[in-house]
Amino acid sequence: MAKTNYGKILDGKLKDISEKCEKPSLLLHACCAPCSSHTLDFLNDYFDILLYFCNPNISPESEFIYRLDELKRLVAEMDFNIPVEVEEYKPEIFYSLAKGLENLPERSERCRKCIRYRLEMSGQKAKMLGCDYFTTTLTISPHKDSGFINEYGAEVAEKYGVEYLFSDFKKHDGYRHSIELSKKYNLYRQNYCGCIYSKINSEKDRLKNG
Ligand code: SF4
């Protein structure tokens, strides 16, 4: 079966929006500043954006604070008037959903649960705040399964009655652009996805490769 082209779906949606007079509101779940850089640059002309930092997976807490501070600095330096809504740091939520899946690699069931939780929270928050759309920056990562993210986003949308913005922010050279913007704004680019297990794996890889 042919893979759905979520980048093309997004292009079509943006074209429709650009033909209307009013900008809809979008809750954009953000995992970190580098992934948000291209995504914000790409979407800012089409939406009134609210960034949503909900990442109980990040470990340790100092890393959570650093990634959040970098996101706020990026928004200020890009000169976008975009508020950042922060979900309190509660790592126990992540540890409970990752229980028994600690040794699995990236793109495994642990990651699906981790992403599912953050999408669920984003849909719920978008509903609570009356946003027209919600989505996540996560599809810009070449390490993440965009198909899963979009399929689950659609399920959450149905549950809360808020439209999910399908995406593949890697399209239009999005990932490369995020690296350029990271350089331009001197952003901290972390070398692990976020959780303690990804940190351990990244450390092991570093030692193995010298
Ligand atoms: S590797 Fe990333 S997506 Fe997977 S569980 Fe850890 S933080 Fe979540």
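The following paragraphs lead through a predicted model, from its sheet to a buried loop residue, a helix and the ligand site.

The sheet is a suitable starting point. Five strands make up an open sheet, arranged in the order β3-β2-β1-β4-β5, and their pairing is parallel. The edges are occupied by β3 (84-86) and β5 (163-164); each has a single partner strand, so one side of each is left without a neighbour in the sheet. At the β3 edge, the partner is β2 (residues 48-53), which runs parallel to β3 and is joined to it by 3 bridges. Within this pair, phenylalanine 53 stands opposite valine 86 of β3.

Phenylalanine 53 also appears in the surroundings of alanine 30. Alanine 30 lies in the loop between β1 (25-29) and α2 (33-43). Is this loop residue buried or exposed? Burial is assigned when 20 or more other C-beta atoms lie within 10 Å; alanine 30 has 27 within that distance and is therefore buried. With neighbours within four places in sequence set aside, its contacts are Ser36, Leu51, Tyr52, Phe53, Leu71 and Thr137. Lysine 183, by comparison, is 153 residues from alanine 30 in sequence, and their C-alpha atoms are 19 Å apart in space.

Helix α5 comes next. Its 21 residues should span 30 Å at 1.5 Å a residue, because the expected span is taken as 1.5 Å times one less than the number of residues. The end C-alpha atoms of α5 are 30 Å apart, in agreement with that expectation. The buried residues of this helix are Arg110, Cys111, Cys114, Ile115, Arg118, Leu119, Ser122, Gly123, Lys125 and Ala126. Among the elements that cover them are β1, β2 and β4 (133-136), together with the helices α4 (91-97) and α6 (146-160). Just after α5, glycine 130 adopts a positive phi of about 75°.

The ligand site draws on α5 as well. Which residues surround the ligand? They are Asn57, Glu106, Arg110, Cys111, Cys114, Ile115, Cys193, Gly194, Cys195, Tyr197 and Ser198. Two helices, α5 (109-129) and α8 (196-208), each supply at least two residues of this shell. The most is given by α5, with 4 residues. Classified by type, the shell comprises 6 nonpolar, 3 polar and 2 charged residues. Arg110, Cys111, Cys114 and Ile115 surround the ligand and are also listed among the buried residues of α5.

Definitions and conventions:
Residues are numbered from 1 along each chain as its sequence is written. This is a predicted model: local features need pLDDT of at least 70, side-chain atom pairs count only at pLDDT 80 or more; totals for chains, interfaces and linings use all residues. Two strands pair if DSSP finds at least two bridges between them. A residue is near a molecule or strand if its C-beta atom, placed from the backbone, lies within 6 Å of it. Ala, Val, Leu, Ile, Met, Phe, Trp, Tyr, Cys and Pro count as nonpolar, Asp, Glu, Lys and Arg as charged, and the others, Gly among them, as polar. A residue is buried if 20 or more other C-beta atoms lie within 10 Å of its own, exposed if 12 or fewer, and partly exposed in between; C-beta atoms are placed from the backbone. Two residues are in contact if their C-beta atoms, placed from the backbone, lie within 7 Å.
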